[in-house]
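Student: Please take a close look at one sheet in this model, and then connect it to the rest of the structure.

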Amino acid sequence: MEQYIIKGGNPLVGEVVIGGAKNAALGILAAAIMSDEPVLISNLPDVNDVNVLLEAIAETGAVVERKNRHTALLNGRTIGSYVVNNNFIKKMRASYYLLGAMLGKYHHAEVALPGGCNIGSRPIDQHLKGFRALGATGKIQNGMIVVDAKRLVGARIYFDKVSVGATINVMLAACLAEGRTVMENVAKEPHVVDVANLLNSMGANIRGAGTDVIRITGVKSLHGADYSVIPDQIEAGTFMFAAAATRGDITVKNVIPKHLDCLTSKLREIGCEVSEFDDAVRVVCKKRLHSTSVNTMPYPGFPTDMQPQMSVILALAQGTSVVTESIFENRFRYVDELTRMGALIQVEGNIAIINGISQFSGTQVAVPDLRAGAALVIAAMAADGVSTLEDIEYIKRGYEDFAEKLVSLGGIIEIVETEKEIQKFRLKVGCV
Ligand code: EPZ
């Protein structure tokens, strides 16, 4: 299996162009098939999650034309099947957005139960609550989620938990329901707003995305559109935090600085210099950072998808820090791996107590999930010596050209598969 091999110790310095937001692209691609006209989506990230969803969409019979790595033309006119089977949903859970899209358009959909990702149980009760409020039946049958509706009628829906997935999925179905829908206690992430903006560009009538209340007036049908996905706030944050961990100087380009406010303020709080420009942010770290406390919250709070990367920085900071994970119940699996690199972290339930050390030492680690993988790469970049990372498939789900971008910043990283290649790398970097 492919592994990353990294020689740490180099400050990461330079500029990196950020790609389209994976978690916006997944909802946008599902929305695109709700029209019977061509929808052109650009600035797609070329990552596995997006590529698997495009395969799942093609399986329904929709037209999927990949114009280039970052652009796809979709047309839902030729959809003949409303079933999304296990092959796709096992690989990535956001195929479940096809439930909301096909329920809204065809009043029927069957999608295999999403795998419980390894950061928590990942229930879908709020998705089903929203669909049922619109008049659909929702049941689990032979491992499939089956949703059906004679009519979809607008309703008032209060979400018991703030859920990005449920907000997007129910918004998809509601935009073709009859009458008005009011969704309360919704997620406000930039990717929720991006999906709503695409739907409105297709003729939907959605107001309030990005606030606590989304109001939708159903329309009869949606027309074609030409839309560009927003930049990925988590990819941008990952490189900003890589600068902080390696005493580097990185400018992330093609970003929306407003989406990064929480990350920028946290980096300044612990001692980084952060400069904001129209579509770029520069992070400089010249000295050892100091401790702080972090609590993950729905947007605009500190994003849970940046929690592992924050822990890596704090594990090298002066003093004791506290990281509280309030969104998922199992998102500290990377701590065991970081401990193997010398980190001093104690996990008590959903709280990690971190005593900063001066430097990690390189070793072999295993990647437990997507964002933890990115965090472990950052740790290896900051470590003394050579590290190898197994199970890097997780990382490819959400980061395009991750190794190449790190090399362009002065990182020493390669993809290897055999012991021979590992030895060759060690000889080359003088760490035998
Ligand atoms: C989305 O997952 C993202 N994935 C996640 O990013 C991200 O961590 C998460 O939102 C939070 O921001 C995609 O957008 C594809 P949620 P999602 O529904 O929608 C509970 C990454 O690394 N909940 O907002 O699954 C749930 O258990 C991934 O890119 C219910 O209880 O997250 C969690 O505790 C990882 N019932 C909380 O809500 C439901 O019906 C937030 O989950 C749905 C969710």
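Tutor: In this predicted model, strands 10, 11, 13 and 12 make up an open four-stranded sheet in the order 10-11-13-12, and the pairing is mixed. The edges are taken by strand 10 (156–158) and strand 12 (206–207); each has a single partner strand, so one side of each has no neighbour in the sheet. At one of these edges, strand 12 pairs with strand 13 (residues 213–217) in the antiparallel sense, over two bridges. Ile-206 has Ile-216 as its bridge partner in strand 13. Strands of a sheet pair through backbone hydrogen bonds, in either the parallel or the antiparallel sense.

A second sheet can be read in the same way. Four strands form this open sheet in the order 22-23-1-24, again with mixed pairing. Strand 22 (364–366) and strand 24 (412–416) are at its edges, each with a single partner strand, so one side of each is left without a neighbour in the sheet. On average, and with direction ignored, neighbouring strands here are turned by 20° against each other. Strand 1 (residues 3–7) and strand 23 (residues 386–390) run antiparallel and are joined by four bridges. Tyr-4 has its bridge partner, Leu-389, in strand 23. Helix 12 (residues 370–382) packs on this sheet and touches strand 1, strand 22, strand 23 and strand 24. The direction of helix 12 makes about 170° with that of strand 23.

Next comes the ligand. There are 25 residues around the ligand, and those that come nearest are Gln-126, Ser-163, Val-164, Asp-305 and Ile-327. For Asp-305, a polar side-chain atom lies 2.6 Å from an oxygen atom of the ligand. The side chain of Lys-22 has an N or O atom 3.0 Å from a ligand oxygen atom. With Pro-123 the backbone is involved: one of its N or O atoms is 3.4 Å from an oxygen atom of the ligand. On its own the ligand has 820 Å² of accessible area, and the protein covers 91% of this.

Two loops have backbone features to check. Most residues other than glycine have a negative phi, and most peptide bonds are trans. In the loop between strand 8 (137–141) and strand 9 (144–148) sits Asn-142, whose phi is near 50°, a positive value in a residue other than glycine. The other feature is a cis peptide bond between Tyr-299 and Pro-300, with omega about 10°. Pro-300 belongs to the loop between strand 18 (293–295) and helix 10 (307–315).

Another asparagine, Asn-51, is part of helix 2 (residues 48–59). Leaving out residues up to four places away in sequence, Asn-51 touches Asp-46 and Arg-66. With Asp-46 there is a polar contact between the two side chains, at 3.0 Å.

As for the whole protein, it contains 15 helices and 24 strands. Its radius of gyration is 22 Å, close to the 22 Å that the globule rule gives for 432 residues, so the protein is as compact as a globular protein of that length. Taken along the principal axes, the C-alpha atoms fill a box of roughly 65 × 45 × 40 Å.

Conventions
Residues are numbered from 1 along each chain as its sequence is written. This is a predicted model: local features need pLDDT of at least 70, side-chain atom pairs count only at pLDDT 80 or more; totals for chains, interfaces and linings use all residues. Side-chain values use heavy atoms; hydrogens and water are left out. Two strands pair if DSSP finds at least two bridges between them. Axes are lines fitted to C-alpha atoms, for helices over the stretch in contact, and angles run from 0 to 180 degrees between N-to-C directions. Contact means heavy atoms within 4.5 Å. A residue is near a molecule or strand if one of its heavy atoms lies within 4 Å of it. A polar contact is a pair of N or O atoms within 3.5 Å; within protein, one must be able to donate a hydrogen and the other to accept it, and residues adjacent in sequence count only if both atoms are side-chain atoms. Accessible areas come from the Shrake-Rupley method with a 1.4 Å probe; for residues, only the protein chains shown count as cover. The radius of gyration is taken over C-alpha atoms; the globule rule is 2.2 Å times the number of residues to the power 0.38.
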